Amino acid sequence: FLQMAPQPPPVLALGLVMLALGVFLEVTSFNAIGEAAILYGCKFGVDIEWVDSKFPYTWTNHPQHIGVALVYGSLLAFGSDMLETMGVLVAWWFALYGFQTIVEGYLAQDEHEALKQKAKKK
């Protein structure tokens, strides 16, 4: 927290807004789909309901990913005096997280379609 003190107030405000919005999206995602879905319960045989009619899934298909990106992105604002170090750390994280998101989206297509079809039948 000592690194945050010397930041200009607008930069701190931006970081706090990004952090708050990111945590808000994470919490509302958890509340919308539940613990089993957040923790990939469908990969372990847990019956997961497809949710696209509850906020934040009415706003975007990937609120968890956006929320986490905002939380990690806020590190740039909080550590702007160490921008080179923080920039490398955040860029590396974004690259890994982006790769994981693409792989997950590609590998889970059949699973997502099955959940969507099941939800339509109800």
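**Exercise 1.** Is Tyr72 buried, partly exposed or exposed?

*Solution.* The model is a predicted one. Tyr72 has a relative accessible area of 33%. Buried requires under 20% and exposed over 50%. Tyr72 is therefore partly exposed.

**Exercise 2.** Classify the ring pair formed by Tyr72 and Trp93, and place both residues in the chain.

*Solution.* A pair of aromatic rings is described by the distance of the centres and the angle of the planes. Step one: the count of aromatic pairs comes to 4. Step two: for Tyr72 and Trp93 the centres are 4.1 Å apart, with 15° between the planes, and the pair is stacked. Step three: Tyr72 belongs to helix H2 and Trp93 to helix H3, 21 residues apart, and the pair links distant parts of the chain. From C-alpha to C-alpha, the two residues are 8.1 Å apart.

**Exercise 3.** Describe the surroundings of Trp93.

*Solution.* Trp93 sits in helix H3, residues 83-107. Its relative accessibility is 17%, so Trp93 counts as buried. Neighbours within four places in sequence aside, Trp93 is in contact with Val68, Ala69 and Tyr72. Tyr72, Trp93, Phe94 and Tyr97 make up one aromatic cluster. Phe94, at 35% relative accessible area, is partly exposed.

**Exercise 4.** How do helices H1 and H2 pack?

*Solution.* H1 covers residues 9-38 and H2 residues 63-78; their axes lie 7 Å apart at an angle of about 155°. Angles over 145 degrees count as roughly antiparallel, so H1 is roughly antiparallel to H2. The crossing of H1 past H2 is left-handed. By class, their contact has 17 nonpolar, 7 polar and 1 charged residues.

Key. Residues numbered from 1 in each chain as written. Predicted model: local features only at pLDDT ≥ 70, side-chain atom pairs only at ≥ 80, totals over all residues. Heavy atoms only, no water. Axes fitted to C-alpha atoms, helices over the stretch in contact; angles between N-to-C directions. Helix = DSSP H or I, 4+ residues; strand = E, 2+ residues; numbered from the N terminus. Parallel < 35°, antiparallel > 145°, perpendicular 65-115°, else oblique. Left-handed = near helix turned anticlockwise from the far one by under 90°. Nonpolar A, V, L, I, M, F, W, Y, C, P; charged D, E, K, R; others polar. Buried < 20%, exposed > 50% of the residue type's maximum accessible area, 1.4 Å probe, protein only. Contact = heavy atoms within 4.5 Å. Phe/Tyr/Trp six-rings, centres within 6.5 Å; stacked < 30°, edge-to-face > 60°.
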